[in-house]
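Biologist: Before we discuss assignments, please show the structure. I should then like to ask how each label is justified.

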Amino acid sequence: MHSDAANLQLSSHLTTLASLHKIHHTLHKLNLTEDVGQDSHPSACCSRNMPPRKKRRPSAGDDTSAKKSRQDSVFRKHETPQIREEETFASKRCLEWFYEYAGCEDVVGPDGMEKFCEDIGVEPENVVMLVLAWKLDAQSMGYFTLQEWLRGMGSLQCDSTERLRNSLDYLRSVLNDSTSFKLIYRYAFDFARVRHTHTHTHTCTQLWLTLFRDALTGQEKDQRSLDLNTAKCMLGLLLGKTWPLFPVFNQFLEQSKYKVINKDQWCNVLEFSRTINLDLSNYDEDGAWPVLLDEFVEWYKERQMS
């Protein structure tokens, strides 16, 4: 009995060992199969879980876009030089344009300036010339240096007479912006501040030509004030059409004792024209106005009473 029980237990152990060996062998085969699949041909299971990435076939729309892009590229390659030549600013063309008026010099002087004004169809005393000078940041009336020309014309994108003519309306419109107008007004004082002895100049045309001649003969600038004749001309140019009291103020200057206008007086005339009523009812005599304007108000009121 004891022997039969021992044999039965031994047989059970052998069966268990055989099962374990079979399981181990099966697992080993599975591992080998996965390794081979990774190196060569994937199994069906792996193929389902991790499908191979395929290259996307372009759609009809993509084909059209790609074709159009290639066509545009070819078009740009052949057309860009022509577009640049006709539509964009060219420094070389601007430089050649400058020397049409400067000759062999690096500055357009009074003679060249007169020809320049003729070519663009603008009188020298036209306010648009003052705006142009401001755009170029010209330092002396009657002169445009090479640096001023290239910088200013570049900002305007003008490299020819035709382009500048087409920009004249824009230059005039700048005067309608109050901030720009104030800057131009202040600039005009320094720009036109030239000492000269031509006291019988009355019209703006004569005055500007006189200033050009003074520039040509090298007259020195007065660093403090503006000659009264020049001041009246410039005020008329800047305020004559927008300030109803300008004709009266101009009459006051003509009969006054003043021979020059300083910068403080100049700037306050603009402020006066913008803030004081036409009947002068809101003028404060105790305010910080220059004596010139106090005297104008007193003169005007006396004239109104009489």
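**Labels and their grounds**

Biologist: Why is Asp284 called partly exposed?

Modeller: Asp284 has a relative accessible area of 43%. Buried means under 20% and exposed means over 50%, with partly exposed in between, so Asp284 is partly exposed. Please note that this is a predicted model.

Biologist: Where is Asp284 found, and which residues form a negative surface patch?

Modeller: Asp284 is found in the loop between helix H13 (263-275) and helix H14 (291-305). The negative surface patch is formed by Asp284, Glu285, Asp286, Glu298 and Glu302.

Biologist: What makes Asp284 accessible enough for a patch?

Modeller: Patch residues need over 30% relative accessible area and no salt bridge. The value for Asp284 is 43%, so the area requirement is met.

Biologist: Why is Leu239 counted as buried?

Modeller: The relative accessibility of Leu239 is 2%. The cut-off for buried is under 20%, so Leu239 counts as buried.

Biologist: Where is Leu239 placed, and which residues is Leu239 in contact with, leaving aside neighbours within four places in sequence?

Modeller: Leu239 belongs to helix H11 (residues 228-239). With those neighbours set aside, Leu239 is in contact with Phe181, Tyr185, Phe246, Val269, Leu270 and Ser273. Ser273 is 34 residues apart from Leu239 along the chain, and their C-alpha atoms are separated by 8.3 Å.

Biologist: How do you know that Leu239 and Ser273 are in contact, given a C-alpha separation of 8.3 Å?

Modeller: Contact means heavy atoms within 4.5 Å, so the criterion is not restricted to C-alpha atoms. Leu239 and Ser273 are in contact on that basis.

Biologist: What is notable about phi of Asp137, and why is Asp137 called partly exposed?

Modeller: Phi of Asp137 is positive, about 55°, although Asp137 is not a glycine. Asp137 lies in the loop between helix H6 (127-136) and strand E2 (144-145). Its relative accessible area is 38%, and partly exposed runs between 20% and 50%, so Asp137 is partly exposed.

Biologist: Why does Gln157 count as partly exposed, and what is the phi of Gln157?

Modeller: Gln157 has 44% relative accessibility; exposed requires over 50% and buried under 20%, so Gln157 counts as partly exposed. Phi of Gln157 is near 60°, a positive value in a residue other than glycine. Gln157 sits in the loop between helix H7 (146-156) and helix H8 (161-173).

Biologist: How many helices and strands are there in the protein, and what share of the residues is buried?

Modeller: The protein has 14 helices and four strands. Buried residues make up 36% of its 306 residues.

Terms used:
Residues are numbered from 1 along each chain as its sequence is written. This is a predicted model: local features need pLDDT of at least 70, side-chain atom pairs count only at pLDDT 80 or more; totals for chains, interfaces and linings use all residues. Side-chain values use heavy atoms; hydrogens and water are left out. Patches are made of residues with over 30% relative accessible area and no salt bridge: like charges are joined within 9 Å, nonpolar side chains (Val, Leu, Ile, Met, Phe, Trp, Tyr) within 5 Å. Accessible areas come from the Shrake-Rupley method with a 1.4 Å probe; for residues, only the protein chains shown count as cover. A salt bridge is a side-chain nitrogen of Lys or Arg within 4 Å of a carboxyl oxygen of Asp or Glu. Lys and Arg count as positive and Asp and Glu as negative; His and the chain ends are not counted. The place of a charge is taken as NZ of Lys, CZ of Arg, CG of Asp or CD of Glu. Helices (H or I, at least four residues) and strands (E, at least two) are DSSP runs, numbered from the N terminus. Buried means under 20% relative accessible area, exposed over 50%, partly exposed in between (1.4 Å probe, protein chains only).
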